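This report is written for someone meeting the structure for the first time. It takes one helix as its starting point and works outwards from there.

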Amino acid sequence: MTIDLGSLVVFSVQVALGGVLLTLPVGVALGFWMARTNRRGKSIVETLATLPLVLPPTVVGLVLLELFGRNRPLGRFLYESFGLSVAFTWRAVVVASAVVAFPLLVRTVRASFEDIDPRLEAIARTLGKGPFSVFVTVSLPLASRGILAGFILAFSRALGEFGATIMVAGNIPGETQTLSLAIFQLVQLGRDSEAYRLAAVTVLVALVAIWLAERLARRPRSRHT
Amino acid sequence: MIVVNVRLPLDAFELDVSLDLNEPVTALFGPSGAGKTSLLEAIAGLRRPAEGEIRIDDDVLFSSQQNISLPPERRGIGYVPQDSLLFPHMSVHRNLRYGVRGGDGSIPVDSVVEALEIGHVLERNPTTLSGGERQRVALGRALVSGPRLLLLDEPLAALDVGLKDRILPYLRRVREQYGIPALVVSHDVFEVLTLCDEAVILERGRVVGRGAPRAVLTGPGAGGELFRGRFENVLDVRVVAQEPEEGITRVETPGGLALAIPHRPDPEGTRALVGIFAEDILLARQNPAGLSARNVFAGTVESIDESGGVAMVCVATPEPVYVKLTHRAVAQLGLEARTPVHLIVKTHSIHRLG
């Protein structure tokens, strides 16, 4: 097995980023809903949204395999209707990243919406704006830092994803292999020094992500309350 | 006419109010926790009453019978909460512009900025404003949305006396300039007397008194509100003459009560509010001679309220004036209704409020 470091890094970042971006709108909407609603169904949704965080990733992978396998209902539907194979392709890597990272995104987003005084939204309504307009002009900007933080956290988790990915996407070099899967394989092959090199690269990618996030989040804003 | 007829269960009791408001500015007065803020929220559409009706003229905003409940954005009601609630992620200018609707009835931002004198803070972040500035911006933001009714929740609360002196004139100016009906929540006697045409007293969710502010606040339902804290007589005056060499400015109330107040170089005809604390006024049975005080005026005792720890004597001069005395002083002077008396006020006991 030869390692093409460049494409490995690009692929890993791409699938992690893709997975989180894919779930971002749903995560923000769900986080907002959970921060504001008192409905009865809330705790069920809450539990479902947390499940991937507490289950062993291999179990999550198994469930995903059950859903997206070529002979399973969802997998067959996607293949027959759109010609999309998911299991054991790069798409499965994206799906696995998205699912394991989702709870972290939702929890952080929810906390940042809960930090906003709901009366600010109420005042905006009295000034003539409908619920959606208030969400876009008041809630979203005020939660933007929290959403960014949730995004970074979810991205980091997706980047390090291993268990679910190997179950549903396998470890196919050049196709579904990410940095963490490659490290695992190298160690198994006894090529420890190469594994360490990849580990160092992974650390570097994570650091760059955090640095970028800090830069984006650094907005001049004075607080005196 | 604004009709509010609602029943709304709260934590400790039920808000059960039936009111029709005809005066330009009505005060909602009462102890904290009486349900005043909840009532405002119900009118603004931020809380849904269990049943009842809320309408402005023939426009139904809420009716449990007709199953109508307009969302807040369609009620056209400007709400200024106690803590301002300016949007922290917008400049003052963007806060003001937030409610711009365009079309008829809206008030231009420039006009509001001028009336409230907030031009110098437009580019600032709301978190850097003083309490008084913040309240003015919140009031301005509500005005710009062109409301049919203004709800002000304790516009002067949480501000110290110094700031109070500065915000009241703006409320009066808004009242005169835009003529928007308003419901003002307050537990400040001074504020109610100065700003409002009618006062409604709310206690544990029910209306327990209603009428002209002066009458209501001294009436039985007020629960001794006059005795809480320092009571300040507030008089609306006009400058009639300047005597700088004497260090005084002569002013007169619409009723014809003439006062000498500390000099300030305003042109004749300038309107001002002056305050005299009830405990800063001396009361005498005879016309005193050889006094240094410049303000001595005759009147007759109208009423004496002895229900509190001190006695509050209302004296009819061209304007009713409240004097705070001990119960003992009332007895020694033999005061009762219609006793002729003289009031003595030092020039420097009269301070300008705006």
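In this predicted model, helix α5 of chain A covers residues 90-114, and its 25 residues reach 36 Å from the first C-alpha to the last, close to the 36 Å expected at 1.5 Å a residue. The helix has a kink of about 40° at Ala101(A), shortly before the proline Pro103(A). Is α5(A) largely enclosed by the rest of the structure, or is it left open? Of its 25 residues, 20 are buried, so α5(A) is largely enclosed by the rest of the structure.

**Chain A as a whole**

The chain to which this helix belongs has ten helices and zero strands, and its pattern along the sequence is therefore written as α-α-α-α-α-α-α-α-α-α, in which each helix is a DSSP run. Taken along the principal axes, the C-alpha atoms of chain A fill a box of roughly 65 × 45 × 30 Å. Of the 225 residues in chain A, 36% count as buried. Where contacts in chain A link residues at least 6 apart in sequence, 73% of them join residues at least 24 apart.

**Where the chains meet**

The contact between the two chains takes 17 residues from chain A and 20 residues from chain B. On the side of chain A that touches chain B, α6 (118-126) and α7 (131-159) each supply at least two residues, and the largest share, six residues, comes from α6(A). By character, the residues on this side of chain A divide into seven nonpolar, six polar and four charged.

**Strand pairs in chain B**

Chain B contains strands that pair in the antiparallel sense, and three such pairs are set out below.

| Strand pair | Bridges | Residues between the strands |
|---|---|---|
| β17(B) (295-305) and β18(B) (311-316) | five | five |
| β18(B) and β19(B) (320-325) | six | three |
| β13(B) (248-252) and β14(B) (258-262) | five | five |

Strand β18(B) takes part in two of these hairpins, being joined to β17(B) in one and to β19(B) in another. Val315(B) in β18(B) stands opposite Val301(B), and Val315(B) also stands opposite Val321(B) in β19(B). In the hairpin of β13(B) and β14(B), Glu252(B) stands opposite Ala258(B) in β14(B), while Gly256(B) takes a positive phi near 100°.

**Nonpolar cores**

In soluble globular proteins, nonpolar side chains tend to be buried together. Which residues touch the most other members of the largest nonpolar core? In this core of 68 residues they are Leu28(B), Ile43(B), Leu151(B) and Val184(B), and the largest share of the core, six residues, comes from helix α4 (residues 131-144) of chain B. When residues up to four places away in sequence are not counted, Val184(B) touches Val25(B), Ala27(B), Leu28(B), Leu152(B), Pro155(B), Leu195(B) and Cys196(B). Apart from this core lies another, of 47 residues, which includes Val60(A), Val93(A), Phe102(A) and Val109(A). Of these, Val93(A), Phe102(A) and Val109(A) fall within the residue range 90-114 of α5(A), which returns the account to the helix with which it began.

Key
Residues are numbered from 1 along each chain as its sequence is written. Chains are lettered from A and ligands numbered from 1 in the order in which they are written. This is a predicted model: local features need pLDDT of at least 70, side-chain atom pairs count only at pLDDT 80 or more; totals for chains, interfaces and linings use all residues. Helices (H or I, at least four residues) and strands (E, at least two) are DSSP runs, numbered from the N terminus. A residue is buried if 20 or more other C-beta atoms lie within 10 Å of its own, exposed if 12 or fewer, and partly exposed in between; C-beta atoms are placed from the backbone. Two residues are in contact if their C-beta atoms, placed from the backbone, lie within 7 Å. Two strands pair if DSSP finds at least two bridges between them. The expected span of a helix is 1.5 Å times one less than its number of residues. The bend at a residue is the angle between axes fitted to the seven residues ending there and the seven starting there. Ala, Val, Leu, Ile, Met, Phe, Trp, Tyr, Cys and Pro count as nonpolar, Asp, Glu, Lys and Arg as charged, and the others, Gly among them, as polar. A nonpolar core is a set of buried Ala, Val, Leu, Ile, Met, Phe, Trp, Tyr and Cys residues joined through C-beta atoms within 7 Å.
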